[in-house]
Amino acid sequence: MKVSSAAIENGYFADKYGKRGTQFSPNGMPNYSIPLEISDAPAGTKSFALVLEDKDAVGAAGYVWIHWLVANLNRTSLPENDSISATDYVQGRNSWSGKLGGLSAEEASFYGGMAPPNADHRYELYVYALDCKLDLAQGFNYNDLHFGMQGHILAQAYLVGCYKK
């Protein structure tokens, strides 16, 4: 299985998907989500799950920063900014949700864009092909996704791109 994104050019995500973009939540979180394409999924795939995270955030925030969680995705293509209006998959809470002055995940949006505070950061996208749909509601947390996928992962794909400070 493979995942690709037109958002990455020469190893870097385009500015519009992060803090130098033009679309933000009410409290200033960049929320213009990245496009992606999934190919060569294994037979028996019933849904996909996505995790977009920033492990470089440990130096600035003290923990891995979750930017986007998606479950029960049935499509192999997501256009840019799909997270704003999609209704055919569920999205989980990102790390921005707790940092936005009490905004709910819905008010903040589920995709939290890239905004490295201290240096260029690497953003890792993991895509999982699953043999089922998961019993998750909108606003689920990472642990719900992680434990729900156990024993159901058919394949995994990985993509990394950087975003400039």
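**Close-up views of a predicted model**

**View 1. The two ends of helix H3.** At the start of H3, which spans residues 142-149, Asn141 has a side-chain oxygen that comes within 3.0 Å of the backbone nitrogen of Asn143. Keep in mind that this is a predicted model. Just past the other end of the helix, Gly151 adopts a positive phi of about 80°.

**View 2. Asp15 pairs with Arg20.** A search of the whole structure turns up eight salt bridges, and this close-up shows one of them, with the closest N and O atoms of Asp15 and Arg20 3.1 Å apart. Is the pair buried or exposed? Asp15 is partly exposed at 38% relative accessibility, and Arg20 is partly exposed too, at 33%.

**View 3. Glu80 reaches Lys16.** Here the salt bridge is between Glu80 and Lys16, whose closest N and O atoms sit 3.1 Å apart. Glu80 belongs to the loop between strands S7 (77-78) and S8 (90-91), while Lys16 belongs to the loop between S3 (12-13) and S4 (36-39), so the bridge ties together parts 64 residues apart in sequence. Glu80 has 30% relative accessibility and counts as partly exposed; Lys16, at 38%, is partly exposed as well.

**View 4. Arg75 meets Asp88.** These two form a salt bridge with their closest N and O atoms 2.7 Å apart. The bridge links distant parts of the chain, 13 residues apart: Arg75 is in the loop between S6 (65-73) and S7, and Asp88 in the loop between S7 and S8. Arg75 is partly exposed at 25% relative accessibility, and Asp88 is partly exposed at 35%. Elsewhere, Glu53, Lys55 and Glu124 are joined into one network by salt bridges that share partners.

**View 5. Inside the largest nonpolar core.** Which residues touch the most other members of this 28-residue core? They are Ile34, Leu50, Trp68 and Leu125. Two or more residues each come from S4, S5 (47-54), S6, S9 (121-130) and S10 (153-163). Zooming in on Ile34 and skipping neighbours within four places in sequence, its contacts include Phe13, Leu52, Trp68, Tyr111, Met114 and Leu125. Glu80, the salt-bridge partner of Lys16, is also among the residues that Ile34 contacts. A second core, separate from this one, has 15 residues, among them Ala49, Ile66, Val90 and Leu130. As a general backdrop, nonpolar side chains tend to be buried together in soluble globular proteins.

**View 6. A three-stranded open sheet.** The strand order is S1-S4-S7, with antiparallel pairing. S1 (2-4) and S7 are the edge strands, each pairing on one side only. Three bridges connect S1 with S4, and two join S4 to S7. Across the S1-S4 pairing, Val3 stands opposite Ile38, and Ser4 has Glu37 as its bridge partner. Glu37 also faces a residue in S7, standing opposite Ser77.

**View 7. The two faces of S4.** Which residues of S4 lie on its covered face, and which on its uncovered one? Leu36 and Ile38 make up the covered face, whereas Glu37 and Ser39 are on the uncovered one. The general rule for a regular strand is that side chains alternate between the two faces of the sheet. For orientation, Ile38 from the covered face is the residue opposite Val3, and Glu37 from the uncovered face is the one opposite Ser77.

Notes. Residues numbered from 1 in each chain as written. Predicted model: local features only at pLDDT ≥ 70, side-chain atom pairs only at ≥ 80, totals over all residues. Heavy atoms only, no water. Polar contact = N/O pair within 3.5 Å; in protein donor to acceptor, adjacent residues only side chain to side chain. Helix = DSSP H or I, 4+ residues; strand = E, 2+ residues; numbered from the N terminus. Salt bridge = Lys/Arg side-chain N within 4 Å of Asp/Glu carboxyl O. Buried < 20%, exposed > 50% of the residue type's maximum accessible area, 1.4 Å probe, protein only. Core = buried A, V, L, I, M, F, W, Y, C linked by side-chain atoms within 4.5 Å. Contact = heavy atoms within 4.5 Å. Pairing = 2+ DSSP bridges.
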